[in-house]
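Trainee: I would like to learn how to read pockets, cavities and contacts in a model. Please show me with an example.

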Amino acid sequence: MPGQGTILEIGSYKGKSTVGLASIVQRYGSGPVVAVDPHSAPAVTDFGHGSQQSSWDDFRASLRAAGVEGSVEVHRAYSRDLAKGWDRPIRFLWIDGDHTYRGAKQDLELFRRHLVPHAIVALHDVLHAFEGPIRVFVDELLESDQFGPAGVCGSIGWAQYRPVDGGQWRAQRRALARKATRLIPFVRDGRQPTGLAKLRYKFWRGLVPHDAVKPDEWLQMVRGA
Ligand SMILES: C[S@@+](CC[C@H](N)C(=O)[O-])C[C@H]1O[C@@H](n2cnc3c(N)ncnc32)[C@H](O)[C@@H]1O
């Protein structure tokens with residue numbers, strides 16, 4: 001990702017990814033990480049973590065235990081509320097909040113205009129049975145020439161914002177989109193695949209390349225043509 005701009009995390013829960021990101025910015029002196037989460041969202045938006053009233057205390061404890069409190073700017077709020085006064089350029093947008101289609105799409109729309117060229121947008125859970133991440137990944141990132149290199153690493157779908165030359169990666173993005181789009185009917189309208197549908201979902205999912213990135217190859221890709 002570019003050297004300038006903010007790292008924005010939407011959806012922190014107990015702070016696992018917050019700590020990961022904050023450890024990196026702390027090491028390179030390139031923080032802070034801005035983390036937004038109301039820590040009280042209804043279960044539909046936080047996929048099964050809704051049994052507890054609030055993840056706030058655990059979140060704070062995670063930051064403390066990792067020694068990264070000073071590298072995280074915490075906003076106990078919904079992303080749409082943070083977006084109201086937002087005017088900072090973004091170099092890494094990590095979307096892991098509301099997993100409904102409406103919610104994930106809104107999160108991209110709220111902050112998209114703040115992306116700096118070469119910024120990375122990443123969505124968690126594109127290969128898990130949630131409608132939002134996979135549809136936004138395919139429809140908004142892979143199908144858009146504003147984005148260049150793209151891929152899936154584990155269950156994280158990512159793409160680099162390349163408003164000027166993203167078209168150069170169209171064929172690569174489309175090839176990935178053809179495979180990833182097969183998953184959408186299984187989760188459309190918030191559906192959870194069961195029985196035979198679940199087996200078919202898993203079969204198609206296995207055909208989406210999602211290996212760990214090789215740092216050298218990845219750097220070559222995102223540095224540009
Ligand atoms: C999947 S969890 C995040 C997991 C976290 N990134 C981690 O690494 O463990 C989803 C979180 O998103 C939050 N959330 C849901 N809707 C949100 C919204 N509109 N804005 C910000 N956070 C939201 C929930 O409160 C929940 O804590």
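Trainee: Which side chain is joined to that of H99 by a polar contact?

Mentor: Before that, note that this is a predicted model, in which local features need pLDDT of at least 70 and side-chain atom pairs count only at pLDDT 80 or more, while totals for chains, interfaces and linings use all residues. Residues are numbered from 1 along each chain as its sequence is written, and side-chain values use heavy atoms, with hydrogens and water left out. A polar contact is a pair of N or O atoms within 3.5 Å; within protein, one must be able to donate a hydrogen and the other to accept it, and residues adjacent in sequence count only if both atoms are side-chain atoms. Here the side chain of H99 makes such a contact with the side chain of D125, at 2.7 Å. The H99 side chain also reaches the backbone oxygen of G97, at 2.6 Å.

Trainee: Is H99 buried or exposed?

Mentor: Buried means under 20% relative accessible area, exposed over 50%, and partly exposed in between (1.4 Å probe, protein chains only). H99 counts as buried because its relative accessibility is 5%. H99 sits in the loop between β4 and α4 (101-112); helices (H or I, at least four residues) and strands (E, at least two) are DSSP runs, numbered from the N terminus.

Trainee: How is empty space found, and which residues line the largest cavity?

Mentor: Rolling a probe the size of a water molecule over the atoms shows where empty space is left. On a 1 Å grid over the protein atoms alone, a cavity is a set of points where a 1.4 Å probe fits but cannot get out, and a pocket is an open set with protein on both sides within 12 Å along at least five of seven lines; lining residues have an atom within 4 Å of a point. The largest cavity holds about 30 Å³ of space. Its lining consists of I95, D96, G97, D98, H99, A104, L123, H124 and P133.

Trainee: What about the second largest pocket: how much space lies in it?

Mentor: That pocket has about 560 Å³ of space. Of its 20 lining residues, M1, L21, I24, F92 and W218 are the closest to its centre. The largest share of the lining, six residues, comes from α1.

Trainee: Where is W169 found?

Mentor: W169 is in the loop between β7 and α6 (170-180). W169 counts as buried because its relative accessibility is 12%.

Terms used. Points joined across faces, edges and corners; volume = space filled by probe spheres on them.
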